[in-house]
Amino acid sequence: MKIIDGHCDVLWKMYDNPRVDFYASDAGELDVTYAKMVESNIKIQFFAIYLAESIRQPVFEHYLKYINIFYQRVLKPGLLTVIKNQADLARVMSGGERGAILTLEGADAIQDTPLYTQTLYHLGVRMIGITWNYANWAADGILEPRKGGFSKKGKMFIKECNNLGILLDVSHLSVRSFWDLADTSTKPFVASHSNAKSVCNHPRNLDDDQLLAIIRHSGRIGMTFVPWFVGDKQHATIGGLLKHIEHICALGGAAHITLGSDFDGIDQWIPGLEHAGQFDQLAQHLSKYYKDDTIEGFLHGNWHRYLQNNLPTY
């Protein structure tokens, strides 16, 4: 079993508390550690740059601080290496090292500055979610009361990311922003950590039309373990998560389902999925209902194919 997980907030915890050690065997503060990656055979982990609401005025330097943590305290030669292109991906998937993909959750501090976007690309950022839950210069998020879409500058940003080779993530976008991105992007996009709204009516989940659009555009839908995105906040289960998978499969999306745990971005957990060392629990539940090749797709294959097709060639 191999795992590719499309979203975690380890960098935020390490920024918030400099004493947190990704490689410590007793790093109880973290849901995702290197040891837990080994335990579940996570071959690739996406690491998000998420600037918490406590940072009232985000500036580009905040991104740089997170990126410095990523390169100095998360990556380690021979163990965990950054993936920037298709060659890096192939080397990780066929070799002994594990891979890390750097992502951005909220483009607030880019502030319509192409140099900033290009700098993030050069530093290894390979996927950007344009908003968190609220509005910024580029677009409205899902909890913004006015429920707007992309600004003119935001649509130019979509095209800039397409041209650079930065993947785009629609999780957290408002409904109108989602459709603006779907209409504007020339490249397949993803929802890195969102479930099916028909199964659990949470604002952060996606309705059937949105799910079908991602499928139609050859994108990916990352099943997330946030209990209140799965079902009843107090009684979410792995079985409940499988209902989202079943629903998306019924829409024709089996080849587009991936994982986006949101570990280290949550303070409540699904029993049996409390940390990154427990992906075997999910695999065991899936094995009751799906064939091995389909399960492999959910756990790593669907992400792998998407990255093969959409990461820069060099």
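Here is a friendly exchange between a trainee and a mentor about cores, a cavity, salt bridges and backbone angles.

Trainee: What kind of model is this, and from where are residues numbered along each chain?

Mentor: This is a predicted model, in which local features need pLDDT of at least 70 and side-chain atom pairs count only at pLDDT 80 or more, while totals for chains, interfaces and linings use all residues. Side-chain values use heavy atoms, with hydrogens and water left out, and residues along each chain, as its sequence is written, are numbered from 1.

Trainee: Thanks! Which helix gives the most to the largest nonpolar core?

Mentor: A nonpolar core is a set of buried Ala, Val, Leu, Ile, Met, Phe, Trp, Tyr and Cys residues joined through side-chain atoms within 4.5 Å. Buried means under 20% relative accessible area, exposed over 50%, and partly exposed in between, with a 1.4 Å probe and protein chains only. The largest such core has 83 residues, and F22, F47, I49 and L282 have the most contacts inside it. With helices taken as DSSP runs of H or I of at least four residues, strands as E runs of at least two, and both numbered from the N terminus, the top giver, with 7 residues, is helix α3 (residues 60-74).

Trainee: How many residues does the other core have?

Mentor: That core lies apart from the largest one. Among its members are F46, V92, M93 and I101, and its residue count is 15.

Trainee: Which residues does F22 contact, leaving aside neighbours within four places in sequence?

Mentor: Contact here means heavy atoms within 4.5 Å. With those neighbours set aside, the partners of F22 are V10, M14, L30, V32, T33, Y34, M37, F47, R73, V74 and L80.

Trainee: How much space lies in the largest cavity?

Mentor: On a 1 Å grid over the protein atoms alone, a cavity is a set of points where a 1.4 Å probe fits but cannot get out, and lining residues have an atom within 4 Å of a point. Grid points are joined across faces, edges and corners, and a volume is the space filled by probe spheres set on the points. The count of cavities of 30 Å³ or more comes to 1. The space in the largest cavity is about 80 Å³.

Trainee: Which of its lining residues are closest to the centre of the largest cavity?

Mentor: The largest cavity is lined by 15 residues. The closest to its centre are I142, L173, P203, N205 and L206.

Trainee: Which residue forms a salt bridge with K13?

Mentor: A salt bridge is a side-chain nitrogen of Lys or Arg within 4 Å of a carboxyl oxygen of Asp or Glu, and the whole structure has 4 of them. K13 counts as buried because its relative accessibility is 18%, and its partner also counts as buried, at 0%. The closest N and O atoms are 2.9 Å apart, and the partner is D264.

Trainee: Is R146, which pairs with D140 in a salt bridge, buried or exposed?

Mentor: The closest N and O atoms of R146 and D140 are 2.8 Å apart. D140 is buried, with a relative accessible area of 1%. R146, at 60% relative accessibility, counts as exposed.

Trainee: Where is D262, a residue other than glycine with a positive phi, found?

Mentor: Phi of D262 is near 70°, and D262 counts as buried because its relative accessibility is 9%. Its place is the loop between β9 and α11.

Definitions and conventions
On a 1 Å grid over the protein atoms alone, a cavity is a set of points where a 1.4 Å probe fits but cannot get out, and a pocket is an open set with protein on both sides within 12 Å along at least five of seven lines; lining residues have an atom within 4 Å of a point.
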